[in-house]
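Visitor: I would like to go through this model one question at a time. Please show it first.

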Amino acid sequence: METLTVPTCRHATIQIATTHPTQFIDLTDRLERFVTDAGLRFGILNIQTLHTTTAVVVNEHEPLLLTDFQALLEAAAPGEGRYRHDDTTARTVNLTDGERPNGHAHCRALLLPTSACINVARRQLQLGRWQRVFLVELDGPRERGISVVALGEGGQ
Amino acid sequence: METLTVPTCRHATIQIATTHPTQFIDLTDRLERFVTDAGLRFGILNIQTLHTTTAVVVNEHEPLLLTDFQALLEAAAPGEGRYRHDDTTARTVNLTDGERPNGHAHCRALLLPTSACINVARRQLQLGRWQRVFLVELDGPRERGISVVALGEGGQ
Amino acid sequence: METLTVPTCRHATIQIATTHPTQFIDLTDRLERFVTDAGLRFGILNIQTLHTTTAVVVNEHEPLLLTDFQALLEAAAPGEGRYRHDDTTARTVNLTDGERPNGHAHCRALLLPTSACINVARRQLQLGRWQRVFLVELDGPRERGISVVALGEGGQ
């Protein structure tokens, strides 16, 4: 429907070193730069974590609200709860050296999204006034990777 | 793989005036019209809310079930619970005139998706027999916007 | 940005016969084959369930962890809880022969994603070391369908 458009697909991996057991890292500014660099005019940006004890969520960046979120996750899957995943005497699969007791973090991750798919229009990420995109660390501190794909139509 | 296909990308914003504090608004009919109007044959439709106290979910449109969902959200993040986000004496960030005590709504939104990505094949949204797409209002009544992108291949 | 790339869009439906009331079925191997067969080099794979009492999640395939997930879902929406959706004397909508009391399954589905959107780069699904993609059966055993779309750029 546009003149001089070209199909556009660009991929990158973002590396993040988290610093706390639970942490919300605001990725929005670097995602906006990625969309600009990719030359995407209309389409989607898919932001996907590469880990099973993290998540990608969209909500408001207000520090006290982030503590409310942490309390909500603690209530849903308590850090001191009992998880069969943490019973290394019973486990037979995927055991590694330095296995962390992180059943709570997997359970919290199950309740949150692995990815966020955000629309792009007129070269802008379509985020409402209060929306920010966060990587959620649930078992930090760790080195983490996030895969991003910008897909749609570009051109001048 | 198809003859006479053309890359297709179409964006629109849907405006909705919600009428209740918690409300499930069925968007399916207008989403199907959007896919038809966009001329999309195969691809995806990404439906994304532009707000941090709403969500986009896919489930059955059965009125009593929607009251079950409301009870589930009330149990997960009670409307009468205490949220630090609602403590305007402690807040230093993002305070606005007419700030609403809506920590519960943000917490409920955290547990629900910001977007739904639905497949399109043979010009049809791929929804199962009982699947409907809803905007979920969690802090209404409000004016709300939903961004939609249809992306894939079109043509006659 | 690539030479000899072609826009690519491929759709398929995967049929699964589940065998338990709650079950996590690992779809990853067949999804990887689908991406290979589609010839997708860069883009996304959207995996979407066609049912309202199932979900698609990404997490670790460790059997004891899957029992933790089942316990989490049971705590969030107990199988023995009371759901208005199951009150066939009050229901007026969507009633079918052999209606199953499955309000708990719908509620669990509300807390989990209907779809997962996974990035593809250099012909590979971008999954971290422990990430696997599961269909989650919440009201089995049943015949289930999953719609998949591979979208992006292909070519040799």
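Visitor: What area is buried between chain B and chain A?
Guide: This is a predicted model, and the value is computed from its atoms. Carbon and sulfur atoms give 63% of the area buried between these two chains. Within the part that chain B buries, B:Thr52, B:Arg84 and B:Leu110 supply 21%, more than any other three residues. The area buried between chain B and chain A is about 2900 Å².

Visitor: How many residues of chain B take part in the contact with chain A?
Guide: Chain A brings 35 residues to this contact. The residues on the chain B side divide into 16 nonpolar, 13 polar and 4 charged. For chain B the number is 33 residues.

Visitor: Which residue of chain A meets the side chain of B:Arg91 in a salt bridge?
Guide: The count between chain B and chain A is 1 salt bridge. A nitrogen within 4 Å of a carboxyl oxygen qualifies, and here the N to O distance is 3.4 Å. The partner of B:Arg91 is A:Glu62.

Visitor: Which backbone nitrogen does a side-chain oxygen of A:Glu62 reach at the start of α2(A)?
Guide: Helix α2 of chain A covers residues 63-76. At its start, the oxygen of A:Glu62 comes to within 2.9 Å of a backbone nitrogen. That nitrogen belongs to A:Leu64.

Visitor: How far does helix α2 of chain A reach from its first C-alpha to its last?
Guide: The helix has 14 residues, and at 1.5 Å a residue a span of 20 Å is expected. The span in the model is close to that, at 20 Å.

Visitor: Which elements of chain B help to cover the buried residues of α2(A)?
Guide: The buried residues include A:Leu65, A:Phe69 and A:Leu72. Chain A itself contributes to the cover with β2, β4, α3 and β7, among others. From chain B, the cover includes α2 and α3.

Visitor: Which residue of chain C forms a salt bridge with B:Glu62?
Guide: Between chain B and chain C the count is 1 salt bridge. Its closest N and O atoms are 3.5 Å apart. The residue that pairs with B:Glu62 is C:Arg91.

Visitor: Which element gives the most to the side of chain B that touches chain C?
Guide: Elements of chain B that give two or more residues to this side are β3, β4, α2, β5 and β8. The one that gives the most supplies 7 residues. That element is α2(B).

Notes:
Residues numbered from 1 in each chain as written. Chains lettered and ligands numbered in written order. Predicted model: local features only at pLDDT ≥ 70, side-chain atom pairs only at ≥ 80, totals over all residues. Heavy atoms only, no water. Contact = heavy atoms within 4.5 Å. Buried area = accessible area lost by both parts, 1.4 Å probe. Nonpolar A, V, L, I, M, F, W, Y, C, P; charged D, E, K, R; others polar. Helix = DSSP H or I, 4+ residues; strand = E, 2+ residues; numbered from the N terminus. Expected span 1.5 Å × (residues − 1). Buried < 20%, exposed > 50% of the residue type's maximum accessible area, 1.4 Å probe, protein only. Polar contact = N/O pair within 3.5 Å; in protein donor to acceptor, adjacent residues only side chain to side chain.
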